[in-house]
Structure formats: C-alpha cells, structure tokens
Amino acid sequence: MAKKFHVLASVLALSVSVTALSACGGNNNGGSAAPSGSASSSASASAGASTEKDTITMLLPPVSANYQSKFDQMAADFNALYPNLTLKIEPAGWEDITQKLDTQVNAGSPPDIAFIGSDGISKYMDQGMLMDITDSVTPEMLADYDEAPLNYMKRGDGLYGFPAYMSIQSIGGNKEMLEAAGVDWKNVQQNGWTFEEFRDAIKKGTVTEGGKTRYGFVFAVSGVTAKDYLNIMIKNAGMPAAFTQDLKFAYTSKNYLEVLKGIRQLIDDGSMPKELSSIDAGKRWNMFLTGQTMITGKGLATFENSAKQNNAKLEAKDASAVADSIPVEYVVLPMPTFAGQPPVSQAAVDGYVTFRGKKEPTPEHKANVVKAAYFMASGKVMAETNSELFVGQITKSAKEAAASLGGDRDPDNMAAVDVLQAHAAPARPDIPADLGAKVIKLEDEVIVPKFQALLAGETTPEEMYEAVKKAAIEEFGADGVVQD
Amino acid sequence: MAQPARAAAEGSNIKRNGVWSKAFNAIARKITGDGAWAYAFIAVALVVYAMFTAYPVVSAFIISFQEYKPLGSSFIGLENYKETFGDSLFWKSIRNTIIYTVLTVPVALVLSFGVAILILPLKKWLQTAFKAVYYLPVVASGVALSVVWLWIYDPLPAGILNQFIGWFGIDNQNWLGTTKTSMFSLVLMAWLSSHGTSIIIYLAALLGIDNSYYEAAELDGASFFQKLWHIVVPFLKPTTLFLFVTGIIGSFQVFQNAYLMTGGGPDNATTMVGLLIFNNAFKYFEFGEAAAQSLVLAAIIAIVSFLQFKFAGKDVEY
C-alpha cells in the first residue's frame, strides 16, 4: 500500500507542477482561429471597395478618462461612415490588456486591432501574428500622419498599424521650489541642461527641516519602471537606441558607465532618497504633490492637468484632494545631457496595431481593418482623446478637429514639449524583430535587476557595467556590441 | 495482394476483431450491470482530469521539445532543456525557491500546529470563530493582500514596519528594495498569512484523538508537554506528513507573492522558479523553454516528495 502511495504521490506531484503550464498548451493546428471578420469576408469581392458585411474586432484599454465611455458612439459613427462594417470593441483595463492580448495571440485568435505601445510590435511580430497593412493603406491616410510617430509603427518594410500619439517622457518640477533653488527653468525648458547643472540644481533643491527631507529629485524606479529611468537617461548620453546604426548593441559604450556613475552620484549626494529602488509611480507622484520632492519623473504632459485638478480640489476644499498635498505649478523639464552629447527625448508612441489570426486574412478584410484603425487613430476620435491626455495631435485631420476643442495648457509647457518633440528619438524600424526581442529579455533579466542593485547601493556602476557587457557579448557576440 | 497473404491478413483481422469484440462485451457487461452508475460518475471525474490535468501535462511535454509559435511550431529536440540547464538565472531561481521553502514550510507547520493547539480547548463557537478568522486570508484576494503588505513595507520612514522598528532605534529599511531584506520580507509575509487550511486540518486531526489517551496520561501524572510529545505528535504524524508534502509542493510553485511584491527583484534575489516560468511563457512567449523548465521543476518536486515519504513517512500508518 505504502509503495503504491509513493508512486501515486509522485505522479500527482508531477501533474500538479506541470499543470501550472496548462495555459501554454494551446493547439497549433486545430480550432477556428481567424479573427471574426476573416471568415465572414472570405467570399468578398474586390479589396477596399467591398460592400460585403464585415466585423472588425478591437481590444482597447482606457486610453483617456472618457475614452471607453465613447465606444458606442465611435462604433455608431464608424457604421454611419461604412454601413457594411461593424466595430466590435472589447474594453480592457491597463492592468490586464497585455494578459488578455497575449492569451488571444497565443491561441491564434487575436482581435483585428489592439491598442498597445509600439515597443510591443517586435514581440508579436516575432510570433508571426501581426498583419502588415502596407499594401492596404491609401496614400491619403499616410499623408495625414506626421512621419516620426508613423515610423514607430514600422518594422523593416512593413507597417503594422497607426500611431495614436507620441508622448514625450521627461521630468517635471515644482515651479515655486525651482525658483527658490535658483533654477532658471524657462531657460532650461528652451536650452536644456547638462548633468552637472542638473546635479547642482537638485542639490540646492534638497532641504531638510525638522528631521524631514524634501528631495531635489525622485524618479519612479520600482520594478520595471527602473527601465524607464535608465533609458531616459542614456538617450541623452549618445545612445538613442539599444542598437547603433550598424546594429551593434550600444549599451556597452563607455558613456553607459558614465550614466551609471551619475545616477549613483545623485543618491550619494542625498539629492535622491536612498530608498529610491522601492519608489513606484504612485508614490513619487504623491511625493511631488505633497511637496516632498522638487522634481519628479518620469513626467508626462498630462501631469500638468493632474496637478491642476488637484489644485482646484484644494482650493474648493474638496476632501478628494490628495492628502497633505500643496498647490503645485507643474513645469515640464528636459532630461540632462551627459558627456557633451546632444539631447534626445524618449518618445512613447502608442497606437492601433493590426493583428492576423491563423487563417490568412482576405484582402477585403485587411482593407476593412485598415479603415477601422485609421478611423480610430485620426480625426475627431483622436483629437478628443489626445486633448484629454494633453498630448500633441499627430495627424492633420486630428489637428483640424482639435482646433475647436480649446484647452487649458500652460504656454511655457507647450513650448517646452515642442522642444522635446523636436529632439525625440527617431524610430528604428531597421532593428530586426528577433534582436528587439533579445534586448527586451536582456533588459529584464540582466539590466533591470543589476540597476535595482545599483540603486540600492548593493553593486557599483563598474560592476553593473561589466555584468551588462558580459551578458551582451554572450547574446550578440564580441563583434555585435560597441567596444569603444 | 497474393492469396496466402490475403488469407493471413483476413485471419489476423478476424483474430483482432475477436479480441475487440471480447473486450467490448466485457466492458458492456460491466456497465450494464449494477456498476453502470458508478462508471458514469467516475467518467465525469475522469473526463475533467483528462481535459484539465492529463492533456496539459502531455501538451507541455510535447511543447518542451518545440519552438512554439501560434502559426506552427517546430521540433528542436533537447534545445530547450540545454537552454534551461545552461541558464544561470534558472539555477538562481531554484536556489531562491529552496531558500524560501526551507524558511517558510517548517515555520508555517509549527505556527499552524501551535494555533490549532491553542484553539482546541476553546468552546465550539469560539473554535469556529477562530477558524473563520484564520481562514479569511485564504479566501481573500492575493492582490488585495499584497497591496496591504506593500503599504506595510513602505520604504520611507513613514512606512508602518519602519515606524515599528524605529521604536527600537533601528533605521528605516528598504524592505523590498535590497537583496538583504527582500527575501526575508516575502518569508515574513508567508509566516503571517494563509495558515487557515493547515489549522483546520490540524484541528480536525486533534479532535480525532480519543480522550482516553489523555486521561490515561493524566493518571500517570504526565505534564502538558509530555502529553503533547508522547500522544499528540505521534498521532498527528500522518497529518504533519501530508501538510509537509503539500506545503513543499505549494512552496516550490510559489509565484504570486514574488510577482506582485518584488517582480523577482532586486538583482533577481526573489526570482522564484514559478515566476521565471511565467515570464518565459507569458512575457517572452518562449513556451518551449517554459515547458522544459516546468517539467524539470516537476521532476525536482517528485524527487523531493519521494524522499519525504521515504525518510519522513517510514513509520507513518495511513
């Protein structure tokens, strides 16, 4: 009996453990996997001008506060424009959209369109699940877009959707504190600053009173946000992308080490909290609104709006204002530059990415998907959404539609964002998908963990640099990395 | 086909048909008799097991030899296993998981046992109330619990745990942000939550011990600890072994705490093997490598379970 029980226990233990992977066990070959529209439109006539009925499925997160509440209206407007086409929109939260999309992609039945960051394109392209829409896009559609954000949706010669906005990620300061620290913020907004100037400014902005410290600079770096901090910094040190133009891995450059040294210095100076490695996005924004830091990052254009809303609540003595917060005037600031390198802004381009299922999509369905993606990523829909987000319009049609929407943006901040946008890192569609996927894994498994250790004071910049270099050479070979 | 060959084939078919027909008749006899309902009930469980346990296991085994792609996978032999065994992060995650298991499982057993002993003498309604209180974290959302723990581990001086240690003159700690404290923080979280199931199982086992043993011991003048050591501990050995084995299996598969609290950081100090498998599968879409890693993990768990039964279960009667 005991022997039988041993065997049974072992089998059960195996089963229990392996069942953890049950979700991976999708069937490659069976099942109907094409997007809903593919099948229905398979009998359609000519591409583009087809009047056959078709349904386009979308998976969309709450891009702006009121975005999801307008889905019915969007679907109705689209249907009025194309009576034979129906938009079927599945809403998702920011916290679960990736999981939902990944599950659908790996089951071979993704939606036709999903709203994701352009940095996710490599991952899905590597799976062979993206739909290249180059041959279905009309010249009029292409002409509507600013070139820089549109390029972010390209890989190689293919176009995999339309961008919605290009949001510049930088930092933001408290105007009153900046002035008290003697920072000529208007000059900085227009002309930038070097790392040394920045370091000096945040030192001056660090004040200790009654045992409590107000820091000069706090950046959210807990978990994966660490990647943002590092990437934003290194872009201004001569490494606008992970790969050089000749496709060599760039983060083995000596400038990378200089950035790491600089980042550690800011903590050692006492200008940033020693507990920085555990500060998440919510915490640092709370610290900014409660006057515990002069500058915060990463900063997005919409933060000006958030600060204004909180100021209004404070003025109205509304209890929903952030506890212990103070009135704050948010000032958009650029990142400092290292080692005499030109400023390069980190741009987050999100948009409507087009997917395919297991079945090859018909030309008619493809044309319909393009119509739907363009409808969502331009004109009135995008104008309203981007206005809510305080980000610039990137299509002519949205710019026209936004003209009547007005807005309450600070003119200095608007001018500062224009400068930052002018320095936005260019898209790199030439980086192959497999290299892009390798970099993501290298960042997650080596760079971010080592960077967390650096922030916690458990490793030195030199040790981290060597660890990254070693891992990069293992991954890309000695000839595949920059050795300066 | 040549005549003799055809005859042989036909003969073989007749023989095969005969075997099938006998087997069919045997099954038919069984399921048309009194046992029909029994087979029907077993079938439900069997189908569920086949669909949700056996099929995924077989599927994971196959995927572990493939480069998985939704549009068509390709067989790559033992490449995923080679990657797994050559990956320093995999071994680090195994090491982390073992440390976590060694620190959490025995302490959790002692705590559950202690709490069950404390609850045992209480009145029935009070026992039920305590059981409900201790079981509550089991039914509570892990995400909600993590939010509370993140609040407790706030790294700034205003954090709850930092304020507490501040009373003893200790500087505030970056609980989840340094390699020195991050694993301990996850272990502390495990120590202070989710013992409900073990407490209830221990309590049920304690209630199963006949009072005559305690009475006889009392007549012999045994102290509380003597009764505990000579009566309770031996009687609870099968329960302890069960909880020990299932606790270790569960601990080897730990994923949620590391995922929600630290994301595996800092410097992969809390990357457990379950989290690594999840990341490979659902973050990087490397399902083949993830399947290989999960099978290696399953093998490790099977070996550990076997050793537990061999050494700890020698004199346990079921």
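Okay, so which residues of chain B does the UniProt annotation "domain: ABC transmembrane type-1" cover? According to that record, which is an unreviewed entry, the answer is residues 94-308. Keep in mind that we're looking at a predicted model here. In this model, that stretch of chain B is 75% helix and 0% strand, and its end C-alpha atoms lie 18 Å apart.

Now let's hop over to chain A. Here we've got 20 helices and eleven strands. The chain has 484 residues, and 50% of them count as buried. And if you take the contacts in chain A with a separation of 6 or more, 76% come from residues 24 or more positions apart.

Let's zoom in on one helix, α18 of chain A, residues 411-422. How far apart should its ends be? Well, at 1.5 Å a residue, its twelve residues should span 16 Å, and the end C-alpha atoms are 17 Å apart, so the two agree.

Next up: which residues of α18(A) are buried? Those are A:Asn413, A:Ala416, A:Val417 and A:Leu420. They cover an arc of only 100° around the axis, so they sit on the same side of α18(A). Flip to the face turned away from that buried side, and you'll find A:Pro411 and A:Ala422, which are exposed.

And what do the buried residues of α18(A) pack against? Two strands and two helices of chain A are on the list: β6 (161-174) and β10 (330-333), plus α9 (185-191) and α14 (302-315).

That's my tour, so have a look at α18(A) yourselves and pick out A:Asn413 on the buried side.

How values were computed: Residues are numbered from 1 along each chain as its sequence is written. Chains are lettered from A and ligands numbered from 1 in the order in which they are written. This is a predicted model: local features need pLDDT of at least 70, side-chain atom pairs count only at pLDDT 80 or more; totals for chains, interfaces and linings use all residues. UniProt positions are given in the numbering used here, feature names are shortened, and annotations may be inferred rather than shown by experiment. Helices (H or I, at least four residues) and strands (E, at least two) are DSSP runs, numbered from the N terminus. The expected span of a helix is 1.5 Å times one less than its number of residues. A residue is buried if 20 or more other C-beta atoms lie within 10 Å of its own, exposed if 12 or fewer, and partly exposed in between; C-beta atoms are placed from the backbone. The arc is that of the directions from the helix axis to the C-beta atoms. Two residues are in contact if their C-beta atoms, placed from the backbone, lie within 7 Å.
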